[in-house]
Amino acid sequence: MDPDALVGGKSLEELQREAAAAAAEPQGQCAQCGRTFRQSVLMRHQKTCGKGSKRRVFNASKQRELPDQNMVLATQAPTKAAKEAKQSKWKQQHEAFQQAMKNNKLVAAVEKGEAPASALQSLPPPPDNRVPCPHCSRKFAPDVAERHIPKCKNIIAKPKARRF
């Protein structure tokens, strides 16, 4: 290391001398918290030590206590039927994709003559949760439809509505 290198505007030798002087300084104990500090720092610490609020002690046994019956019912896991009723969008898309892949294998088997044509199943249409606009017949996501429909109602020069 370069002995002339500056660290924080001071040379390395100056920093080492200050550290040695700080280590040689007598230490005192805080009367409030019992921690030990250098005498030059102790006065500054004691000013702020009493200001802070006491920290609440965590009581693990209280945390383990059983809540009342109403809380138990509210925090119970939903039943399996309730979970199946509300599937995530990803899971619905995943299952639709798996069904499409199985159907494609059946189509290939029917084309080769390995399976009867009656084995093919029609795929259900994908779920559409978009809201149609009554004025222009376009479909929007629910939150976007809330903004669009009032504006569309007041538009004078509307393009012809699309026919589906």
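**Asparagine 103, helix H6 and the cysteine pairs**

Apart from neighbours within four places in sequence, asparagine 103 makes contact with Leu120, Gln121 and Leu123. In this predicted model, asparagine 103 belongs to helix H6, which covers residues 89-112. The residue has a relative accessible area of 12% and is therefore classed as buried, the limit for that class being under 20%.

Helix H6 itself comprises 24 residues. From its first C-alpha to its last, the helix reaches 35 Å, close to the 34 Å expected at 1.5 Å a residue. Glycine 113 follows just after H6 and adopts a positive phi of about 85 degrees.

In the protein chain as a whole, the secondary structure amounts to seven helices and six strands. Read from the N terminus, these elements are arranged in the order β-β-α-β-β-α-α-α-α-α-β-β-α. The protein chain has 164 residues, of which buried residues make up 10%; asparagine 103 is one of the buried residues. Of the contacts in the protein chain between residues at least 6 apart in sequence, 9% link residues at least 24 apart.

The largest pocket encloses about 400 Å³ of space. Its lining is formed by 13 residues, and those closest to the pocket centre are Gln92, Ala96, Pro125, Pro126 and Pro127. By residue class, the lining of the largest pocket consists of seven nonpolar, four polar and two charged residues.

The cysteines were examined next. A disulfide is a covalent bond between the sulfur atoms of two cysteines. A search of the whole structure returned zero disulfides. Cysteine 33 takes part in no disulfide, and the nearest cysteine sulfur, belonging to cysteine 30, lies 3.6 Å away. Because a disulfide requires sulfur atoms within 2.5 Å, the separation of 3.6 Å between the sulfurs of cysteine 33 and cysteine 30 does not qualify. Cysteine 152 is likewise in no disulfide, with the sulfur of cysteine 133 as the nearest cysteine sulfur at 3.8 Å. The 2.5 Å cut-off therefore excludes the pair formed by cysteine 152 and cysteine 133 as well.

Accessibility was also computed for these cysteines. Cysteine 33 has 38% relative accessibility and so counts as partly exposed, whereas cysteine 152 is buried, its relative accessible area being 3%.

Terms used. Residues are numbered from 1 along each chain as its sequence is written. This is a predicted model: local features need pLDDT of at least 70, side-chain atom pairs count only at pLDDT 80 or more; totals for chains, interfaces and linings use all residues. Side-chain values use heavy atoms; hydrogens and water are left out. Helices (H or I, at least four residues) and strands (E, at least two) are DSSP runs, numbered from the N terminus. Buried means under 20% relative accessible area, exposed over 50%, partly exposed in between (1.4 Å probe, protein chains only). Contact means heavy atoms within 4.5 Å. On a 1 Å grid over the protein atoms alone, a cavity is a set of points where a 1.4 Å probe fits but cannot get out, and a pocket is an open set with protein on both sides within 12 Å along at least five of seven lines; lining residues have an atom within 4 Å of a point. Grid points are joined across faces, edges and corners, and a volume is the space filled by probe spheres set on the points. Ala, Val, Leu, Ile, Met, Phe, Trp, Tyr, Cys and Pro count as nonpolar, Asp, Glu, Lys and Arg as charged, and the others, Gly among them, as polar. The expected span of a helix is 1.5 Å times one less than its number of residues.
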